[in-house]
Amino acid sequence: LAETASELNIGVDSFVFADDNPVERGLVAASLPQVAVPTLDRVENYIRILDRAAWFEPANLTDEDMARGRMYAENARRDMARQSFTDYGTYLASLEMEARIIPFSSAQVPRITQLTNKTNQFNLTTRRYTEAEIRSVMDAPDKICLTGSLADKYGDNGLVSVMIGEQHDDVCHIVLWLMSCRVLKRNMEQEMLNALLAECRKRKIRRVEGTYIPTPKNGMVSELFSICGFHCIAEQDDGSTRWELAVVDYVPVPTHIHVVQE
């Protein structure tokens with residue numbers, strides 16, 4: 001289970017272990033307490049037990065969900081290819097990545113909503129949104145709403161990143177910044193920030209501020225703002241931090257991703 005979670009870039013808390021052997025269930029429950037381990041007492045009750053727990057009830061079904069099996073297979077091919085490279089940058093260049101970073105659109109709303117509600121690891125604030133809330137912000141003049149899709153020579157990962165910036169006079173507050181774990185370590189987050197800062201310059205915004213709110217699952221992004229050149233301006237007792245960046249000081253960071261301009 002742990003190896004599979006690592007291979008798929010998801011947490012073990014995404015797994016349900018269903019087994020009729022109480023010894024096997026006890027072993028998994030003790031070793032990986034994050035995994036759901038239902039008690040299956042009689043075979044005629046198995047379906048009822050799994051159904052009532054609602055582990056497999058999706059809030060909605062997107063195109064990305066339908067293609068998930070294909071995407072996992074493509075990621076396995078990427079991992080195999082990576083092993084043949086000694087230089088990681090050369091590997092990234094070999095992927096021939098192409099990104100599409102655009103404002104929110106109505107067709108994307110279900111997928112955007114899904115990402116805001118299920119992305120836990122690469123998520124700076126872990127704010128959740130309903131479809132109605134996404135639609136209310138997407139056309140607001142004080143919002144900068146961006147989505148990022150990523151494809152490469154192995155396949156299309158679909159919509160994988162979401163950013164929402166909130167403008168107050170000449171300051172932009174990043175209220176949401178998340179990315180799917182299946183495109184980690186490919187510099188997509190850097191291209192999203194490049195796009196946000198480009199829009200900030202168009203709007204004469206002078207400063208960008210961001211907040212990191214720690215959760216049990218998002219430790220991987222605790223230093224993201226620092227890595228991107230932001231300066232910490234406040235730290236709370238709960239570990240939350242606030243960061244700022246002067247737009248004039250920001251130099252777009254080059255990546256191995258070709259961004260399609262629209």
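Contact here means heavy atoms within 4.5 Å. This is a predicted model, where local features need pLDDT of at least 70, side-chain atom pairs count only at pLDDT 80 or more, and totals for chains, interfaces and linings use all residues. Residues are numbered from 1 along each chain as its sequence is written, and side-chain values use heavy atoms, leaving out hydrogens and water.

**View 1. V208 and its neighbours.** Skipping residues up to four places away in sequence, V208 touches C172, I174, L196, L197, C200, F230, W243, E244, L245 and V247.

**View 2. The largest nonpolar core.** Such a core is a set of buried (under 20% relative accessible area, 1.4 Å probe, protein chains only) Ala, Val, Leu, Ile, Met, Phe, Trp, Tyr and Cys residues joined through side-chain atoms within 4.5 Å. This one has 40 residues, and W177, M188, L196, V208 and F230 have the most contacts inside it. Helix α9 gives the largest share, six residues. Apart from it lies another core of 15 residues, including F104 and L159.

**View 3. The open sheet.** Helices (H or I, at least four residues) and strands (E, at least two) are DSSP runs, numbered from the N terminus; two strands pair if DSSP finds at least two bridges between them. Eight strands line up as β6-β7-β5-β4-β3-β2-β1-β8, with mixed pairing. At the edges, β6 (231-235) and β8 (257-260) each pair on one side only.

**View 4. Strands β2 and β3.** Nine bridges join β2 (residues 143-152) to β3 (residues 155-168), and the two run antiparallel. Look for G148, which stands opposite S161 in β3.

Key. Buried means under 20% relative accessible area, exposed over 50%, partly exposed in between (1.4 Å probe, protein chains only).
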